Amino acid sequence: MDKIIIICGTNRTDSVSYQIAQLYQQLLNDKDCPNQLIDLSDLPNDFAFSALYEQAGKNEDFNQFRELMAETKKFAFIVPEYNGSFPGVLKTFIDGLKFPHSFKGKKSALVGISSGIQGAGLALSHLTDIFHYCGMEVLSLKPKFSHIEQNFDGNKITNPLYQQLLEEQVEKLIRF
């Protein structure tokens, strides 16, 4: 069984996205699927300036993320909606990875989180376009959790449909 890296798509501390990422990790643990959670709040504060472009590979603290992403075959991205798309820190993180080796020929699943009505649908569309450009396959089941504050109590998802979709996606990602 392939190890799955779960990426919390924001660097906001104490985010709902991180809490959902932890639930995702627990679902993988329940299936005895090896996994690891990356919280973008753990990135080096200066990585946008010290680990990209001509600085690629020179930031030892960021290199651990570059290597982990390059050696992994499957990913789950928990993606909050920010300003109609996904957080800039997630795009910057992607830009700092090895291109195209980090994603080419690999597989991913996406989960959208939003306070509003769209469930980060546009954000997931943008991210899917980027991953397809990089040569990564994206699982077609992309749960979009709108009004997350009304459907999550801080410990568990209270909306049965949301929970079912998350469980189905985990199963599909493991078999993907």
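With which side chain does the side chain of Ser50 make a polar contact? The partner is the side chain of Asn59, at 2.6 Å. Do keep in mind as you read that this is a predicted model. The tour below starts at Ser50, then goes through the nonpolar cores, strand β1, Asp39 and Val89, and ends with the salt bridges.

**Ser50 and its surroundings**

- Ser50 sits in helix α2, which covers residues 47–50.
- With a relative accessible area of 16%, Ser50 falls under the 20% limit and is therefore buried.
- Besides Asn59, the contacts of Ser50 include Gln55 and Lys58, once neighbours within four places in sequence are set aside.

**Nonpolar cores**

- The largest nonpolar core has 31 residues, and the members that touch the most others are Met69, Phe77, Leu90 and Phe103.
- Two or more residues of this core come from each of β1 (4–8), α3 (60–71), β3 (74–80), α4 (88–95) and α5 (121–133).
- A second core, separate from this one, holds 25 residues, among them Ile4, Cys33, Ile113 and Val170.
- Leu90 is in contact with Ile7, Gly9, Leu40, Phe77, Val79 and Leu127, leaving aside neighbours within four places in sequence.

**Strand β1**

- How many of the five residues of β1 are buried? Five of the five are, so the strand is largely enclosed by the rest of the structure.
- Both faces of β1 are covered, with Ile4, Ile6 and Cys8 buried on one side and Ile5 and Ile7 buried on the other.
- β1 runs parallel to β2, and five bridges join the two strands.
- Within this pairing, Ile4 of β1 has Asn35 of β2 opposite.

**Asp39, a buried charge**

- Asp39 belongs to strand β2, residues 35–39.
- Is Asp39 buried or exposed? Asp39 is buried, yet has no salt bridge.
- The nearest side chain of opposite charge is that of Arg12, 11 Å away; a salt bridge needs its nitrogen and oxygen atoms within 4 Å, so Arg12 does not serve as a partner here.
- The side chain of Asp39 does make a polar contact, at 2.9 Å, with the side chain of Ser41.
- Not counting residues up to four places away in sequence, Asp39 also touches Cys8, Thr10 and Tyr18.

**Val89 in helix α4**

- Val89 is part of helix α4, and its 14% relative accessibility makes it count as buried.
- Leaving out residues up to four places away in sequence, Val89 touches Gly9, Thr10, Asn11, Leu40, Leu43 and Phe47.
- If you would like a distance to check in your viewer, Val89 and Ile130 are 15 Å apart from C-alpha to C-alpha, with their positions 41 residues apart in sequence.

**Salt bridges**

- How many salt bridges does a search of the whole structure find? The search finds four.
- Glu171 forms one with Lys31, where the closest N and O atoms are 2.5 Å apart.
- Since Glu171 lies in helix α7 (residues 160–175) and Lys31 in the loop between α1 (16–30) and β2, the pair ties together parts that are 140 residues apart in sequence.
- Glu171 counts as partly exposed at 28% relative accessibility, and Lys31 is partly exposed with a relative accessible area of 38%.
- Lys98 and Glu67 meet through their side chains in a salt bridge of 2.8 Å, N to O.
- This pair links distant parts of the chain, as Lys98 is in the loop between α4 and β4 (107–113) and Glu67 is in helix α3, 31 residues apart.
- Lys98 is partly exposed, with a relative accessible area of 26%, and Glu67 counts as partly exposed at 38% relative accessibility.
- Lys91 and Asp95 form a salt bridge of 2.7 Å, N to O.
- Because they are four residues apart in helix α4, about one helical turn separates Lys91 from Asp95.
- Lys91 counts as partly exposed at 32% relative accessibility, and Asp95 counts as partly exposed at 32%.
- Lys31, Glu171 and Arg175 are joined into one network by salt bridges that share partners.

Key:
Residues are numbered from 1 along each chain as its sequence is written. This is a predicted model: local features need pLDDT of at least 70, side-chain atom pairs count only at pLDDT 80 or more; totals for chains, interfaces and linings use all residues. Side-chain values use heavy atoms; hydrogens and water are left out. A nonpolar core is a set of buried Ala, Val, Leu, Ile, Met, Phe, Trp, Tyr and Cys residues joined through side-chain atoms within 4.5 Å. Buried means under 20% relative accessible area, exposed over 50%, partly exposed in between (1.4 Å probe, protein chains only). Contact means heavy atoms within 4.5 Å. Lys and Arg count as positive and Asp and Glu as negative; His and the chain ends are not counted. A polar contact is a pair of N or O atoms within 3.5 Å; within protein, one must be able to donate a hydrogen and the other to accept it, and residues adjacent in sequence count only if both atoms are side-chain atoms. Two strands pair if DSSP finds at least two bridges between them.
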